[in-house]
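Reader: I would be grateful for a close look at one part of this structure, namely its nonpolar surface patch and the helices and loops that precede it in the chain. Please treat it as a single connected account.

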Amino acid sequence: MDKRLLIALLLTAIVVAVTPVLFPTKRAPVPAAAQKDSVTTAPPAASTSNANQQQPSAALETRALTPVADSADTVASTPTAVSPEITSVNTPRSIYRFTNFGAAPVSVSMRDYKNLSHNDGPVEISTTGRSLLHYSLVLRGDTIPLDRIPFQLQQSQGTNGQTLLTYRAAVNGANVAIAYDIDPSRYILKTSGRVENTQGTAFLLIDMPSNMPITEADSVSDLRTRSYSYKPARSNARGVPFAKLDSAETKLEAEPITWAAVRNKYFVVGVISPAGATFDEMTITGAPRVGKIARDASATVVKAVKNGTFAFDIYVGPQQQTQLLSVGRDFDHVNPYGWSFLQPVVNPIAALCIKLLLWLHDTLKVSYGWVLILFGVLIRLLLWPLNQTAMRSQLKMQELQPRLAEIQKKYKDNPDKQRQEMMRVYSEAGTSPFAALSGCLPMLLPMPVLFALFFVFQNTIEFRGVPFLWLTDISIKDPYYILPLLMGISMYLLSWIGLRNAPPNPQAKMMSYMFPVMMTFFLASMASGLNLYYTAQNIAALPQQWILAKERQKARRT
(Lines give C-alpha, C1' and ligand atoms only; values in the text may rest on other atoms or scores of the structure.)
Protein backbone atom coordinates (compact mmCIF):
# COMPACT_ATOMS: atom_id res chain seq x y z
CA MET A 1 0.00 0.00 0.00
CA ASP A 2 1.20 3.57 -0.74
CA LYS A 3 2.98 5.14 2.26
CA ARG A 4 1.19 8.43 1.85
CA LEU A 5 -2.18 6.66 2.03
CA LEU A 6 -1.10 4.91 5.25
CA ILE A 7 -0.02 8.22 6.79
CA ALA A 8 -3.32 9.86 5.78
CA LEU A 9 -5.34 7.04 7.33
CA LEU A 10 -3.28 7.23 10.52
CA LEU A 11 -3.75 11.00 10.84
CA THR A 12 -7.49 10.64 10.22
CA ALA A 13 -7.78 8.03 12.98
CA ILE A 14 -5.88 10.30 15.39
CA VAL A 15 -8.18 13.24 14.64
CA VAL A 16 -11.29 11.11 15.14
CA ALA A 17 -10.01 9.74 18.46
CA VAL A 18 -8.71 13.02 19.88
CA THR A 19 -11.54 15.38 18.90
CA PRO A 20 -14.11 14.07 21.46
CA VAL A 21 -11.46 14.33 24.19
CA LEU A 22 -10.48 17.92 23.39
CA PHE A 23 -13.99 19.13 22.59
CA PRO A 24 -16.46 17.11 24.69
CA THR A 25 -20.18 17.50 24.02
CA LYS A 26 -22.49 17.92 26.96
CA ARG A 27 -25.76 16.02 26.76
CA ALA A 28 -28.89 16.18 28.82
CA PRO A 29 -29.42 12.79 30.44
CA VAL A 30 -32.46 10.74 29.52
CA PRO A 31 -34.84 10.74 32.50
CA ALA A 32 -34.36 7.03 33.20
CA ALA A 33 -35.61 7.41 36.74
CA ALA A 34 -38.86 8.70 35.38
CA GLN A 35 -39.41 5.49 33.51
CA LYS A 36 -39.33 3.49 36.73
CA ASP A 37 -41.45 5.95 38.67
CA SER A 38 -44.71 4.64 40.08
CA VAL A 39 -47.39 7.32 39.99
CA THR A 40 -50.61 6.98 41.94
CA THR A 41 -53.36 8.39 39.79
CA ALA A 42 -56.01 10.51 41.38
CA PRO A 43 -59.64 9.39 40.94
CA PRO A 44 -61.71 11.16 38.26
CA ALA A 45 -63.17 14.38 39.53
CA ALA A 46 -66.73 15.32 38.64
CA SER A 47 -67.19 18.65 36.94
CA THR A 48 -69.19 21.27 38.85
CA SER A 49 -68.99 24.12 36.37
CA ASN A 50 -71.57 22.75 33.97
CA ALA A 51 -74.25 20.22 34.77
CA ASN A 52 -74.38 18.96 31.19
CA GLN A 53 -70.62 18.49 30.87
CA GLN A 54 -69.43 14.85 30.74
CA GLN A 55 -67.27 13.54 33.51
CA PRO A 56 -63.67 12.89 32.49
CA SER A 57 -63.15 9.28 31.42
CA ALA A 58 -59.53 9.27 32.56
CA ALA A 59 -57.73 10.72 35.54
CA LEU A 60 -54.55 12.69 34.92
CA GLU A 61 -51.62 13.48 37.15
CA THR A 62 -48.40 15.25 36.29
CA ARG A 63 -45.45 14.68 38.54
CA ALA A 64 -42.14 16.51 38.48
CA LEU A 65 -38.99 14.48 38.96
CA THR A 66 -35.40 15.45 39.74
CA PRO A 67 -34.46 18.60 37.77
CA VAL A 68 -32.07 18.16 34.90
CA ALA A 69 -29.73 20.98 33.95
CA ASP A 70 -30.20 22.47 30.51
CA SER A 71 -27.64 21.03 28.11
CA ALA A 72 -25.55 23.04 25.73
CA ASP A 73 -26.76 21.14 22.67
CA THR A 74 -30.49 21.22 23.50
CA VAL A 75 -32.06 23.51 20.93
CA ALA A 76 -35.36 24.46 22.49
CA SER A 77 -36.93 27.65 23.81
CA THR A 78 -36.98 26.53 27.44
CA PRO A 79 -35.74 27.86 30.77
CA THR A 80 -32.19 27.14 31.85
CA ALA A 81 -33.39 24.37 34.17
CA VAL A 82 -36.25 22.06 33.22
CA SER A 83 -37.69 19.31 35.40
CA PRO A 84 -38.46 15.98 33.77
CA GLU A 85 -42.13 15.21 34.33
CA ILE A 86 -44.20 12.09 34.08
CA THR A 87 -47.87 12.51 33.20
CA SER A 88 -50.16 9.59 34.02
CA VAL A 89 -53.46 8.99 32.26
CA ASN A 90 -55.72 6.52 34.04
CA THR A 91 -58.36 4.77 31.87
CA PRO A 92 -60.61 1.80 32.65
CA ARG A 93 -58.31 -0.49 30.63
CA SER A 94 -54.82 0.95 31.03
CA ILE A 95 -52.55 3.39 32.82
CA TYR A 96 -50.47 5.41 30.35
CA ARG A 97 -47.34 7.31 31.40
CA PHE A 98 -45.72 10.00 29.24
CA THR A 99 -42.52 11.99 29.64
CA ASN A 100 -42.07 15.62 28.66
CA PHE A 101 -38.52 14.83 27.50
CA GLY A 102 -39.16 13.61 23.97
CA ALA A 103 -42.97 13.81 24.28
CA ALA A 104 -43.14 10.02 24.25
CA PRO A 105 -44.99 7.25 26.10
CA VAL A 106 -42.87 5.75 28.87
CA SER A 107 -44.96 2.73 29.86
CA VAL A 108 -48.43 1.21 29.68
CA SER A 109 -49.96 -0.92 32.44
CA MET A 110 -52.95 -3.14 31.57
CA ARG A 111 -55.52 -3.64 34.31
CA ASP A 112 -57.12 -6.79 32.86
CA TYR A 113 -53.95 -8.87 32.64
CA LYS A 114 -51.86 -10.12 35.53
CA ASN A 115 -48.11 -10.55 35.28
CA LEU A 116 -47.54 -14.29 35.68
CA SER A 117 -43.78 -14.05 36.16
CA HIS A 118 -42.13 -13.43 39.52
CA ASN A 119 -43.35 -9.81 39.37
CA ASP A 120 -46.68 -9.05 41.00
CA GLY A 121 -49.36 -6.73 39.74
CA PRO A 122 -50.68 -6.06 36.23
CA VAL A 123 -48.73 -6.47 33.03
CA GLU A 124 -46.63 -3.36 32.38
CA ILE A 125 -45.12 -2.80 28.96
CA SER A 126 -41.95 -0.73 29.25
CA THR A 127 -38.29 -0.71 28.22
CA THR A 128 -35.57 -0.42 30.83
CA GLY A 129 -33.64 2.84 30.72
CA ARG A 130 -35.61 4.63 28.01
CA SER A 131 -39.04 5.57 26.75
CA LEU A 132 -41.28 2.94 25.22
CA LEU A 133 -40.94 4.73 21.88
CA HIS A 134 -38.17 7.12 20.94
CA TYR A 135 -38.61 9.90 18.36
CA SER A 136 -36.06 11.72 16.22
CA LEU A 137 -36.57 14.41 13.60
CA VAL A 138 -34.56 14.80 10.43
CA LEU A 139 -34.52 18.57 9.79
CA ARG A 140 -32.32 20.43 7.36
CA GLY A 141 -30.04 17.43 7.06
CA ASP A 142 -29.61 16.97 10.83
CA THR A 143 -30.97 14.07 12.87
CA ILE A 144 -32.21 15.40 16.22
CA PRO A 145 -33.13 12.94 18.99
CA LEU A 146 -36.17 14.43 20.73
CA ASP A 147 -35.49 12.73 24.07
CA ARG A 148 -32.94 15.50 24.76
CA ILE A 149 -35.56 18.19 24.38
CA PRO A 150 -38.10 19.16 27.07
CA PHE A 151 -41.60 19.76 25.74
CA GLN A 152 -44.35 21.82 27.33
CA LEU A 153 -47.58 19.94 28.00
CA GLN A 154 -51.15 21.08 27.47
CA GLN A 155 -53.93 18.82 28.79
CA SER A 156 -57.57 18.88 27.73
CA GLN A 157 -60.70 16.75 27.32
CA GLY A 158 -62.22 15.85 23.96
CA THR A 159 -65.88 16.13 23.06
CA ASN A 160 -66.38 12.38 23.68
CA GLY A 161 -64.66 12.45 27.05
CA GLN A 162 -61.30 11.20 25.80
CA THR A 163 -58.04 12.63 27.13
CA LEU A 164 -55.97 14.92 24.91
CA LEU A 165 -52.27 15.56 25.58
CA THR A 166 -50.37 18.04 23.42
CA TYR A 167 -46.61 18.53 23.77
CA ARG A 168 -44.89 21.56 22.18
CA ALA A 169 -41.25 22.61 21.79
CA ALA A 170 -38.89 24.53 19.52
CA VAL A 171 -36.52 22.12 17.78
CA ASN A 172 -33.66 23.45 15.68
CA GLY A 173 -35.66 26.55 14.76
CA ALA A 174 -38.87 24.63 13.97
CA ASN A 175 -42.00 24.56 16.10
CA VAL A 176 -42.91 20.95 16.88
CA ALA A 177 -46.15 19.66 18.39
CA ILE A 178 -46.98 16.01 19.22
CA ALA A 179 -50.51 15.19 20.39
CA TYR A 180 -52.08 12.05 21.86
CA ASP A 181 -55.80 11.31 21.75
CA ILE A 182 -56.39 8.54 24.30
CA ASP A 183 -59.44 6.35 23.74
CA PRO A 184 -60.55 5.03 27.17
CA SER A 185 -62.37 2.03 25.69
CA ARG A 186 -59.48 0.68 23.59
CA TYR A 187 -55.73 0.13 23.67
CA ILE A 188 -55.14 2.84 21.08
CA LEU A 189 -53.26 6.14 21.23
CA LYS A 190 -54.17 8.29 18.24
CA THR A 191 -50.98 10.24 17.60
CA SER A 192 -50.62 13.32 15.42
CA GLY A 193 -47.97 15.98 14.98
CA ARG A 194 -47.03 19.20 13.28
CA VAL A 195 -43.63 20.60 12.28
CA GLU A 196 -43.69 24.30 11.38
CA ASN A 197 -41.08 26.79 10.16
CA THR A 198 -38.99 24.24 8.36
CA GLN A 199 -37.75 24.11 4.80
CA GLY A 200 -37.51 21.02 2.66
CA THR A 201 -38.71 17.54 3.55
CA ALA A 202 -38.65 16.50 7.18
CA PHE A 203 -38.79 12.91 8.47
CA LEU A 204 -39.91 11.42 11.76
CA LEU A 205 -37.88 8.43 12.96
CA ILE A 206 -39.70 6.13 15.40
CA ASP A 207 -37.46 3.77 17.34
CA MET A 208 -39.46 0.71 18.39
CA PRO A 209 -38.87 -0.95 21.78
CA SER A 210 -35.65 -2.95 21.81
CA ASN A 211 -37.22 -5.69 23.95
CA MET A 212 -40.42 -6.68 25.71
CA PRO A 213 -40.93 -7.44 29.41
CA ILE A 214 -41.18 -11.00 30.67
CA THR A 215 -44.83 -11.53 31.59
CA GLU A 216 -45.12 -15.34 31.79
CA ALA A 217 -44.08 -17.99 34.29
CA ASP A 218 -42.14 -19.76 31.53
CA SER A 219 -39.62 -16.97 30.97
CA VAL A 220 -37.58 -18.91 28.39
CA SER A 221 -40.62 -19.46 26.16
CA ASP A 222 -41.55 -15.80 26.56
CA LEU A 223 -38.06 -14.67 25.54
CA ARG A 224 -37.99 -16.94 22.51
CA THR A 225 -41.16 -15.40 21.11
CA ARG A 226 -39.74 -11.87 20.98
CA SER A 227 -40.09 -10.72 17.43
CA TYR A 228 -40.60 -7.76 15.13
CA SER A 229 -43.30 -7.91 12.50
CA TYR A 230 -44.47 -5.57 9.78
CA LYS A 231 -46.95 -5.39 6.94
CA PRO A 232 -45.68 -4.27 3.52
CA ALA A 233 -48.34 -2.29 1.70
CA ARG A 234 -48.41 -4.72 -1.22
CA SER A 235 -47.85 -8.11 0.42
CA ASN A 236 -48.61 -10.21 3.48
CA ALA A 237 -47.39 -9.57 7.01
CA ARG A 238 -43.91 -10.81 7.88
CA GLY A 239 -42.22 -11.72 11.14
CA VAL A 240 -38.55 -11.37 12.11
CA PRO A 241 -37.78 -13.20 15.39
CA PHE A 242 -34.95 -11.78 17.47
CA ALA A 243 -33.35 -15.23 17.31
CA LYS A 244 -33.04 -14.97 13.50
CA LEU A 245 -30.95 -11.78 13.72
CA ASP A 246 -27.19 -12.00 14.04
CA SER A 247 -25.34 -9.39 16.06
CA ALA A 248 -25.25 -6.06 14.18
CA GLU A 249 -27.07 -7.64 11.20
CA THR A 250 -29.38 -5.09 9.58
CA LYS A 251 -32.44 -5.81 7.47
CA LEU A 252 -33.92 -2.99 5.40
CA GLU A 253 -37.53 -2.99 4.26
CA ALA A 254 -37.40 -0.22 1.65
CA GLU A 255 -41.01 -0.65 0.49
CA PRO A 256 -43.85 1.33 2.11
CA ILE A 257 -45.31 -0.51 5.12
CA THR A 258 -48.74 -0.29 6.71
CA TRP A 259 -47.66 -1.03 10.28
CA ALA A 260 -44.74 -2.22 12.36
CA ALA A 261 -44.76 -3.96 15.73
CA VAL A 262 -42.71 -5.72 18.38
CA ARG A 263 -44.24 -8.53 20.43
CA ASN A 264 -43.62 -11.24 22.95
CA LYS A 265 -45.82 -14.27 23.54
CA TYR A 266 -49.07 -12.45 24.33
CA PHE A 267 -48.55 -8.67 24.11
CA VAL A 268 -47.62 -6.27 21.35
CA VAL A 269 -46.53 -2.67 20.74
CA GLY A 270 -47.35 -1.44 17.26
CA VAL A 271 -47.44 1.73 15.19
CA ILE A 272 -50.15 1.78 12.52
CA SER A 273 -50.44 4.28 9.68
CA PRO A 274 -53.88 5.78 8.92
CA ALA A 275 -55.92 4.43 6.01
CA GLY A 276 -54.52 5.67 2.72
CA ALA A 277 -51.07 6.38 4.19
CA THR A 278 -47.95 4.36 4.91
CA PHE A 279 -44.60 4.49 6.62
CA ASP A 280 -41.75 4.95 4.18
CA GLU A 281 -39.35 2.22 5.32
CA MET A 282 -38.15 0.15 8.26
CA THR A 283 -34.77 -1.10 9.43
CA ILE A 284 -34.25 -4.00 11.87
CA THR A 285 -30.87 -4.63 13.53
CA GLY A 286 -29.69 -7.49 15.70
CA ALA A 287 -27.96 -6.95 19.05
CA PRO A 288 -25.14 -8.82 20.81
CA ARG A 289 -26.40 -11.86 22.72
CA VAL A 290 -25.84 -12.77 26.32
CA GLY A 291 -26.11 -16.54 26.26
CA LYS A 292 -27.99 -18.47 23.60
CA ILE A 293 -31.23 -16.48 23.70
CA ALA A 294 -31.56 -13.21 21.77
CA ARG A 295 -33.01 -10.78 24.29
CA ASP A 296 -32.65 -7.52 22.39
CA ALA A 297 -32.78 -6.03 18.92
CA SER A 298 -33.61 -2.64 17.45
CA ALA A 299 -35.93 -1.35 14.76
CA THR A 300 -36.63 2.10 13.34
CA VAL A 301 -39.62 3.16 11.28
CA VAL A 302 -39.37 6.21 9.00
CA LYS A 303 -42.32 8.48 8.20
CA ALA A 304 -42.16 11.53 5.95
CA VAL A 305 -43.62 14.71 7.42
CA LYS A 306 -45.80 15.82 4.50
CA ASN A 307 -47.19 19.35 4.47
CA GLY A 308 -45.77 19.78 7.95
CA THR A 309 -47.98 17.09 9.54
CA PHE A 310 -47.85 13.40 10.42
CA ALA A 311 -50.25 10.93 12.06
CA PHE A 312 -50.30 7.30 13.19
CA ASP A 313 -51.87 5.11 15.86
CA ILE A 314 -49.99 3.40 18.70
CA TYR A 315 -51.35 0.07 19.94
CA VAL A 316 -50.05 -1.20 23.27
CA GLY A 317 -52.09 -4.16 24.42
CA PRO A 318 -52.86 -7.87 24.21
CA GLN A 319 -52.80 -10.01 21.10
CA GLN A 320 -56.52 -10.50 21.52
CA GLN A 321 -58.34 -11.24 18.30
CA THR A 322 -61.24 -8.82 18.75
CA GLN A 323 -58.92 -5.98 19.76
CA LEU A 324 -56.54 -6.57 16.87
CA LEU A 325 -59.41 -6.75 14.39
CA SER A 326 -60.78 -3.43 15.67
CA VAL A 327 -57.49 -1.74 14.74
CA GLY A 328 -57.94 -2.59 11.05
CA ARG A 329 -55.19 -2.48 8.40
CA ASP A 330 -54.68 -6.28 8.78
CA PHE A 331 -53.19 -5.73 12.23
CA ASP A 332 -54.73 -9.04 13.30
CA HIS A 333 -51.88 -10.63 11.29
CA VAL A 334 -49.30 -9.12 13.64
CA ASN A 335 -48.43 -12.66 14.69
CA PRO A 336 -48.12 -14.69 11.46
CA TYR A 337 -48.88 -18.33 12.31
CA GLY A 338 -46.54 -21.05 11.15
CA TRP A 339 -43.04 -21.08 9.82
CA SER A 340 -42.46 -18.96 6.73
CA PHE A 341 -43.01 -21.80 4.25
CA LEU A 342 -46.21 -22.94 6.04
CA GLN A 343 -47.79 -19.53 6.61
CA PRO A 344 -49.87 -19.46 3.38
CA VAL A 345 -51.54 -22.74 4.46
CA VAL A 346 -51.58 -22.42 8.26
CA ASN A 347 -52.63 -18.76 8.59
CA PRO A 348 -56.13 -19.11 7.02
CA ILE A 349 -56.85 -22.32 8.96
CA ALA A 350 -55.58 -20.78 12.22
CA ALA A 351 -57.71 -17.67 11.72
CA LEU A 352 -60.79 -19.84 11.07
CA CYS A 353 -60.08 -22.02 14.13
CA ILE A 354 -59.72 -18.97 16.39
CA LYS A 355 -62.97 -17.43 15.15
CA LEU A 356 -64.84 -20.72 15.65
CA LEU A 357 -63.39 -21.26 19.14
CA LEU A 358 -64.27 -17.70 20.20
CA TRP A 359 -67.76 -18.06 18.74
CA LEU A 360 -68.36 -21.32 20.61
CA HIS A 361 -67.11 -19.76 23.85
CA ASP A 362 -69.27 -16.63 23.49
CA THR A 363 -72.34 -18.57 22.36
CA LEU A 364 -72.28 -21.46 24.84
CA LYS A 365 -70.86 -19.46 27.78
CA VAL A 366 -68.66 -22.37 28.88
CA SER A 367 -64.97 -22.70 29.72
CA TYR A 368 -62.44 -22.90 26.91
CA GLY A 369 -61.64 -26.42 28.12
CA TRP A 370 -65.13 -27.61 27.21
CA VAL A 371 -64.95 -25.56 24.00
CA LEU A 372 -61.85 -27.51 22.95
CA ILE A 373 -63.52 -30.84 23.73
CA LEU A 374 -66.57 -29.83 21.69
CA PHE A 375 -64.35 -28.58 18.88
CA GLY A 376 -62.56 -31.95 18.70
CA VAL A 377 -65.89 -33.81 18.57
CA LEU A 378 -67.19 -31.46 15.84
CA ILE A 379 -64.11 -32.08 13.71
CA ARG A 380 -64.70 -35.82 13.87
CA LEU A 381 -68.41 -35.45 13.10
CA LEU A 382 -67.57 -33.37 10.04
CA LEU A 383 -65.14 -36.08 8.91
CA TRP A 384 -67.60 -38.92 9.55
CA PRO A 385 -68.96 -39.09 5.94
CA LEU A 386 -65.42 -39.01 4.52
CA ASN A 387 -64.36 -41.80 6.86
CA GLN A 388 -67.37 -43.89 5.82
CA THR A 389 -66.66 -43.39 2.11
CA ALA A 390 -62.97 -44.11 2.51
CA MET A 391 -63.56 -47.29 4.52
CA ARG A 392 -66.09 -48.64 2.02
CA SER A 393 -63.55 -47.99 -0.74
CA GLN A 394 -61.03 -50.01 1.23
CA LEU A 395 -63.54 -52.86 1.68
CA LYS A 396 -64.16 -52.92 -2.05
CA MET A 397 -60.43 -53.00 -2.69
CA GLN A 398 -60.12 -55.97 -0.32
CA GLU A 399 -62.76 -57.83 -2.36
CA LEU A 400 -60.82 -57.18 -5.57
CA GLN A 401 -57.44 -58.24 -4.22
CA PRO A 402 -57.78 -61.98 -5.09
CA ARG A 403 -58.80 -61.18 -8.71
CA LEU A 404 -56.01 -58.59 -9.08
CA ALA A 405 -53.43 -61.03 -7.70
CA GLU A 406 -54.58 -63.68 -10.16
CA ILE A 407 -54.25 -61.25 -13.10
CA GLN A 408 -50.77 -60.18 -11.97
CA LYS A 409 -49.68 -63.81 -11.83
CA LYS A 410 -51.32 -64.77 -15.13
CA TYR A 411 -49.91 -61.85 -17.17
CA LYS A 412 -46.63 -61.27 -15.38
CA ASP A 413 -44.77 -61.53 -18.71
CA ASN A 414 -47.13 -59.16 -20.52
CA PRO A 415 -47.30 -55.81 -18.67
CA ASP A 416 -49.63 -54.16 -21.19
CA LYS A 417 -52.17 -56.99 -21.04
CA GLN A 418 -51.85 -57.07 -17.25
CA ARG A 419 -52.65 -53.35 -17.04
CA GLN A 420 -55.65 -53.68 -19.37
CA GLU A 421 -57.15 -56.57 -17.41
CA MET A 422 -56.65 -54.82 -14.06
CA MET A 423 -58.36 -51.67 -15.38
CA ARG A 424 -61.26 -53.84 -16.60
CA VAL A 425 -61.65 -55.29 -13.08
CA TYR A 426 -61.64 -51.80 -11.55
CA SER A 427 -64.24 -50.63 -14.08
CA GLU A 428 -66.57 -53.57 -13.45
CA ALA A 429 -66.35 -52.94 -9.68
CA GLY A 430 -67.07 -49.23 -10.11
CA THR A 431 -63.84 -48.10 -8.49
CA SER A 432 -60.33 -46.96 -9.50
CA PRO A 433 -56.71 -47.77 -8.63
CA PHE A 434 -56.58 -44.57 -6.60
CA ALA A 435 -59.33 -45.68 -4.23
CA ALA A 436 -56.72 -47.07 -1.84
CA LEU A 437 -55.14 -43.63 -1.54
CA SER A 438 -58.48 -42.07 -0.65
CA GLY A 439 -58.47 -44.13 2.53
CA CYS A 440 -55.60 -41.99 3.83
CA LEU A 441 -57.49 -38.74 3.27
CA PRO A 442 -59.57 -38.79 6.49
CA MET A 443 -56.39 -39.31 8.50
CA LEU A 444 -54.65 -36.41 6.71
CA LEU A 445 -57.49 -33.87 6.89
CA PRO A 446 -57.26 -33.27 10.67
CA MET A 447 -53.52 -32.65 10.43
CA PRO A 448 -53.74 -29.04 9.09
CA VAL A 449 -56.09 -28.25 11.98
CA LEU A 450 -53.65 -29.85 14.42
CA PHE A 451 -50.75 -27.83 12.97
CA ALA A 452 -52.82 -24.65 13.07
CA LEU A 453 -53.82 -25.23 16.70
CA PHE A 454 -50.17 -25.89 17.57
CA PHE A 455 -49.37 -22.31 16.54
CA VAL A 456 -52.64 -20.92 17.90
CA PHE A 457 -51.79 -22.14 21.40
CA GLN A 458 -48.39 -20.46 21.21
CA ASN A 459 -49.80 -16.92 21.20
CA THR A 460 -53.59 -16.86 21.71
CA ILE A 461 -54.11 -14.79 24.82
CA GLU A 462 -57.70 -15.99 25.28
CA PHE A 463 -56.27 -19.30 26.60
CA ARG A 464 -53.75 -17.60 28.91
CA GLY A 465 -54.32 -18.53 32.56
CA VAL A 466 -57.56 -20.45 31.83
CA PRO A 467 -58.01 -23.35 34.31
CA PHE A 468 -59.80 -26.61 33.51
CA LEU A 469 -60.29 -29.56 35.86
CA TRP A 470 -56.83 -30.28 37.35
CA LEU A 471 -55.12 -27.92 34.88
CA THR A 472 -54.22 -24.46 36.16
CA ASP A 473 -53.54 -23.07 32.68
CA ILE A 474 -54.50 -24.72 29.39
CA SER A 475 -51.92 -22.63 27.51
CA ILE A 476 -49.01 -24.47 29.17
CA LYS A 477 -48.14 -28.16 29.47
CA ASP A 478 -49.96 -30.57 31.76
CA PRO A 479 -47.79 -30.69 34.90
CA TYR A 480 -48.84 -34.30 35.58
CA TYR A 481 -48.68 -35.47 31.91
CA ILE A 482 -52.14 -37.01 32.25
CA LEU A 483 -53.49 -35.64 28.97
CA PRO A 484 -50.48 -36.65 26.82
CA LEU A 485 -50.82 -40.22 28.14
CA LEU A 486 -54.58 -40.25 27.48
CA MET A 487 -53.94 -38.91 24.00
CA GLY A 488 -51.38 -41.66 23.28
CA ILE A 489 -53.66 -44.41 24.63
CA SER A 490 -56.65 -43.18 22.62
CA MET A 491 -54.50 -43.02 19.47
CA TYR A 492 -53.33 -46.60 20.02
CA LEU A 493 -56.93 -47.78 20.50
CA LEU A 494 -57.87 -46.16 17.18
CA SER A 495 -55.06 -48.01 15.41
CA TRP A 496 -55.82 -51.32 17.16
CA ILE A 497 -59.51 -51.23 16.23
CA GLY A 498 -58.64 -50.13 12.71
CA LEU A 499 -56.46 -53.22 12.19
CA ARG A 500 -59.14 -55.68 13.41
CA ASN A 501 -60.35 -58.03 10.65
CA ALA A 502 -57.95 -56.38 8.18
CA PRO A 503 -55.49 -58.37 6.03
CA PRO A 504 -52.14 -58.91 7.79
CA ASN A 505 -49.87 -55.90 7.35
CA PRO A 506 -46.64 -55.93 9.40
CA GLN A 507 -45.82 -52.32 8.54
CA ALA A 508 -49.24 -51.05 9.64
CA LYS A 509 -48.96 -53.06 12.84
CA MET A 510 -45.55 -51.55 13.59
CA MET A 511 -46.87 -48.03 13.00
CA SER A 512 -49.80 -48.72 15.33
CA TYR A 513 -47.24 -49.04 18.14
CA MET A 514 -44.70 -46.42 17.08
CA PHE A 515 -46.92 -43.51 16.04
CA PRO A 516 -48.83 -43.15 19.36
CA VAL A 517 -45.53 -43.26 21.27
CA MET A 518 -43.99 -40.61 18.99
CA MET A 519 -46.99 -38.30 19.29
CA THR A 520 -47.09 -38.71 23.09
CA PHE A 521 -43.48 -37.60 23.44
CA PHE A 522 -43.96 -34.80 20.87
CA LEU A 523 -47.04 -33.32 22.57
CA ALA A 524 -45.97 -33.94 26.18
CA SER A 525 -44.37 -30.49 26.49
CA MET A 526 -46.99 -28.70 24.37
CA ALA A 527 -49.98 -26.74 25.66
CA SER A 528 -52.35 -28.92 27.64
CA GLY A 529 -55.25 -27.47 25.65
CA LEU A 530 -53.76 -28.91 22.46
CA ASN A 531 -53.56 -32.35 24.10
CA LEU A 532 -57.13 -31.92 25.33
CA TYR A 533 -58.38 -31.21 21.80
CA TYR A 534 -56.50 -34.15 20.25
CA THR A 535 -57.62 -36.57 22.98
CA ALA A 536 -61.27 -35.53 22.53
CA GLN A 537 -60.94 -35.99 18.77
CA ASN A 538 -59.51 -39.50 19.16
CA ILE A 539 -62.16 -40.62 21.65
CA ALA A 540 -64.92 -39.22 19.40
CA ALA A 541 -63.55 -41.31 16.51
CA LEU A 542 -63.63 -44.61 18.44
CA PRO A 543 -67.34 -45.47 17.83
CA GLN A 544 -67.03 -44.96 14.09
CA GLN A 545 -63.83 -46.98 13.93
CA TRP A 546 -65.60 -49.83 15.77
CA ILE A 547 -68.57 -49.72 13.37
CA LEU A 548 -66.27 -49.81 10.35
CA ALA A 549 -64.34 -52.74 11.82
CA LYS A 550 -67.64 -54.64 12.18
CA GLU A 551 -68.50 -53.88 8.54
CA ARG A 552 -65.08 -55.20 7.51
CA GLN A 553 -65.69 -58.40 9.49
CA LYS A 554 -69.08 -58.86 7.86
CA ALA A 555 -67.63 -58.33 4.39
CA ARG A 556 -64.96 -60.96 5.00
CA ARG A 557 -67.56 -63.54 6.08
CA THR A 558 -69.60 -62.99 2.95
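Author: Helix α6 supplies the largest share of the nonpolar patch, with 4 residues. In this predicted model, the patch is made by Leu364, Val366, Trp370, Leu374, Leu378 and Leu381, and its area is about 500 Å². One of these residues, Leu374, is placed in helix α6. Leu374 counts as partly exposed because its relative accessibility is 31%, and partly exposed covers the range between 20% and 50%.

Lys365 belongs to the loop between α5 and α6, the latter helix spanning residues 368-410. Although Lys365 is not a glycine, its phi is positive, at about 60°. With a relative accessibility of 67%, Lys365 counts as exposed, since the cut-off for that class is over 50%.

A comparable backbone feature may be described at Asp330, which lies in the loop between α4 and α5, where α5 comprises residues 343-364. Asp330 is likewise not a glycine, and its phi is positive at about 60°. The relative accessibility of Asp330 is 37%, and Asp330 therefore counts as partly exposed.

Helix α4 itself consists of residues 321-327 and contains Ser326. At 39% relative accessibility, Ser326 is classed as partly exposed. The C-alpha atom of Ser326 is separated by 9.0 Å from that of Arg186, although the two residues are 140 positions apart along the chain.

Gln321 is also placed in helix α4. Its relative accessible area is 9%, so Gln321 is buried, the limit for that class being under 20%. Leaving aside residues up to four places away in sequence, Gln321 touches Asp332, Ile354, Leu358 and Glu462.

The interior completes the account. The largest nonpolar core has 72 residues, and Tyr135, Val271 and Phe331 are those with the most contacts inside it. A second core, separate from that one, has 37 residues, including Leu450, Val466, Leu483 and Tyr533.

To return to the part requested, the patch combines Leu364 and Val366 with Trp370, Leu374, Leu378 and Leu381, and α6 provides 4 of its residues. Within α6, Leu374 is partly exposed at 31% relative accessibility, whereas Lys365, in the loop between α5 and α6, is exposed at 67%.

Conventions
Residues numbered from 1 in each chain as written. Predicted model: local features only at pLDDT ≥ 70, side-chain atom pairs only at ≥ 80, totals over all residues. Heavy atoms only, no water. Core = buried A, V, L, I, M, F, W, Y, C linked by side-chain atoms within 4.5 Å. Buried < 20%, exposed > 50% of the residue type's maximum accessible area, 1.4 Å probe, protein only. Helix = DSSP H or I, 4+ residues; strand = E, 2+ residues; numbered from the N terminus. Contact = heavy atoms within 4.5 Å. Patch = residues over 30% accessible without salt bridge, like charges linked within 9 Å, V, L, I, M, F, W, Y side chains within 5 Å. Areas by Shrake-Rupley, 256 points an atom, 1.4 Å probe, with all protein chains shown as cover. Salt bridge = Lys/Arg side-chain N within 4 Å of Asp/Glu carboxyl O.
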